[in-house]
Amino acid sequence: MATKMILLNLLTIPLLYFFLRKRKAIAATKLPPQPPGLPLLGNLHQLGSFPHRSLNSLSKQYGPIILLRLGIVAPTVVISTAELAEQVMKTQDLIFANRPPSSMANHLFYNSTDIAFSPYNDYWRMMKKISIVHLLSNRRVQSYKRLRQEEMDLLIAEIHAASAAAEAVNLSKRLRVLTNDIICRVALGRKYSGETRFQEMLDEFRKLLGSFPMADFFPWLGWVDRVIGLEGRARRASKELDELLERVLEEHLSRKKSSNAIGSSKECMDLVDVLLSVKEEHDSNDDADIALGKEHIKALILEMFAAGTDTTFTTLEWGMAELIKHPTVMQKVQREIRDTLRSKQVIEQEDIDRLTYLKATIKETLRLHVPVALLIPRLTMEDTQLQGYDIPAGARIIINAWGIARDPNYWNRPEEFWPDRFLNSNVDFRGQQFQLTPFGAGRRACPGIDFGIAVIECTLVNLL
Ligand code: HEM
C-alpha cells in the first residue's frame, strides 16, 4: 500500500506542478481581445465576402488589435491603426518578416519559391535582391517606356475607331488586356492576348490563387480539397503553365545562343533574358551557396503576372471610374495634362513628374481603393508584444491597410474621392507614412512600385 502511495505521489506531483506552471503562464499572457467565435470554425464565418470590411467593423467593436481563430491554424492578429502598422512593418519588421505557408502557393509557385510566398530566409533575400536590382529597378522600368507607349497607342487608336463608328468601348475589359499585354511583353518578350488558351490559363491561375483551400485552415481536412477537385485543378494549371514557361525558356535560350554569336543588345532584353543572364553569372560564381535553378526563374516570372497585373489594372479601373463620377476633378487633371504637355508627342518621365494633380489623383485612388486591402499576411518569428499585448511566435498578422486608409483619425472626409487633399501634403505611398501603405512597407514591401506606377501614369496621361 505504502509503495502504491509513493508511486502515485511520484506521478501526480510533477503533473500538478506542470499544470500549475502552465496555468500561470496562460494567466501571465495578455492576448489581444478576441471576438467570440464558433467551435472549430473559430471566427472564419465572420470574414464574409469582403474580409477587409468585416474586419474593419470587428476592429471598431473590439479595438485596433484583435485576435481571431481562423479554423484550427495558428492564431491570427488583425491590426487597424497606422501606429501598429508602423510597429509591424518598421520597428519590429524583422520579427514579422515571415509569411504563413500556403498550400496553393506550393502548387502554383514551385513549392513557394517565388518572392511573395517564400519564407523569410537566404533564398528569399537572394530573390528579392534579384527583383530589386535586375528586374524592377527604376532604370529597367524606364527602359520599357517605348513598349508601354506602343501598347497605349494601340488602345487610343481602338478608342478613336470605336468613337468614329459610334460604338461603346468596354474600358474595364480593355484596361485588363492592356496591363496583361504590357507584362507579357516585358516578361516574356511577346504578347499572348490573341491566344485564348493562354488567357484561360491565367484566369484559372488567378482564381486558384484567390481560393480558400481547406488544408490551410483545417490541416486534417486536406482531403476535401482533393474530393472537390481543387487540388486537381491546381495540379493541372501548374503543369500547363510549366509547359508553356519551359517553351518560353527554350526559345530564349536558343535565341541567346545565336545572338551571342552576333553580339546581343541589352536594350531589348525582356525579363526572361535578364534572368537567364543573372543565372549564368550566378552559376559561374563559386561563392554562391544558394542554387538559382530553372524552376526558380519560372516561379519569378509567374510572380510578375500574379503580383503585377490585377493590382495595376484595378487601380486604373477605379481611377477612371472615380474620374467619371467626379467631372470637376476630371477636368482639372485634363487641364493640367494639356497645359503641361501641349502637343508633345513623346512624353518623358520629367514631363510626368510635373503633373502634380495627376499624381495626387493616383494617390487618392490608391488610398480609397487599396488594391491589396489586407496586404499579404505575415508570420511572427518570435514571441513579442504589440501595444502591450503578447503576440506568440507563429501568429499570423493581418494589416488592414484598407481600414487605415479610410480612418477619420488620419483623414479628413475619409470616404470622399478628393485628390486635393494631397496637394499640400507630404504623405506618399512608398512605405514611410503608415496611414497610406498600398504597397506595404519594410523588408516585405512591394518591389514593383515603380513598375506599377509607370504603367498607371502612362495610361492615365494618354487616356485623359
Ligand atoms: C498598383 C500596383 C501594385 C500594388 C498596389 C502592389 C501591392 C503589393 C503589396 C501590398 C504587397 C505586399 C507587401 C507587404 O507584405 O508588406 C506586394 C508585394 C509584392 N509585389 Fe506588388 N503591388 C503592385 C504592383 C506590383 C508589380 C507591377 C510587381 C512586379 C511586376 C509586383 C511585385 C510584387 C512582389 C514580388 C511582392 C512580394 C514582396 C515580398 O514578399 O518580399 N507588385 N505588392
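This passage goes through the overall fold, the ligand shell, the salt bridges and a few single residues of a predicted model.

Local features are reported only at pLDDT of at least 70 and side-chain atom pairs only at pLDDT 80 or more, whereas totals for chains, interfaces and linings use all residues. Residue numbers start from 1 along each chain as its sequence is written, and side-chain values use heavy atoms, with hydrogens and water left out.

To start with the overall picture, the protein chain has 18 helices and 6 strands; these are DSSP runs numbered from the N terminus, with helices being H or I of at least four residues and strands E of at least two. The C-alpha trace spans about 100 × 60 × 45 Å along its principal axes. Of the 464 residues, 49% count as buried (buried is under 20% relative accessible area, exposed over 50%, partly exposed in between, with a 1.4 Å probe and protein chains only).

Turning to the ligand, 30 residues sit around it, and Arg-99, Lys-128, Arg-378, Arg-444 and Cys-446 come nearest (a residue counts as near if one of its heavy atoms lies within 4 Å). Three of the arginines put polar side-chain atoms by ligand oxygens: the distance is 2.7 Å for Arg-378, 2.9 Å for Arg-99 and 3.0 Å for Arg-444. A polar contact here is a pair of N or O atoms within 3.5 Å; within protein, one must be able to donate a hydrogen and the other to accept it, and residues adjacent in sequence count only if both atoms are side-chain atoms. Helices α5 (122–135), α13 (294–325) and α18 (449–463) each supply at least two shell residues, and α13 gives the most, with 7. By class, the shell has 18 nonpolar, 7 polar and 5 charged residues (Ala, Val, Leu, Ile, Met, Phe, Trp, Tyr, Cys and Pro count as nonpolar, Asp, Glu, Lys and Arg as charged, and the others, Gly among them, as polar).

Helix α13 turns up again among the salt bridges, through Lys-298, which pairs with Asp-242 at 2.7 Å, N to O. This pair links distant parts of the chain, with Lys-298 in α13 and Asp-242 in α11, 56 residues apart. Lys-298 counts as buried because its relative accessibility is 4%, while Asp-242, at 21%, is partly exposed. Elsewhere, Arg-146, Glu-150, Glu-151, Arg-185 and Lys-191 are joined into one network by salt bridges that share partners. The total comes to 39 salt bridges, each being a side-chain nitrogen of Lys or Arg within 4 Å of a carboxyl oxygen of Asp or Glu.

Other pairs stay within one helix. In α11 (residues 230–262), Arg-235 and Glu-231 are 4 residues apart, about one turn, and their closest N and O atoms are 3.0 Å apart. Glu-231 is buried at 14%, whereas Arg-235 is partly exposed at 48%. In α5, Asp-122 and Arg-125 form a salt bridge of 2.6 Å; they are 3 residues apart, so about one helical turn separates them.

The loop between α4 (103–108) and α5 holds Asn-111 as well as Ser-112. Neither is a glycine, yet phi is positive in both, at about 65° for Asn-111 and about 55° for Ser-112. Asn-111 is exposed, with a relative accessible area of 55%, but Ser-112 is buried at 8%.
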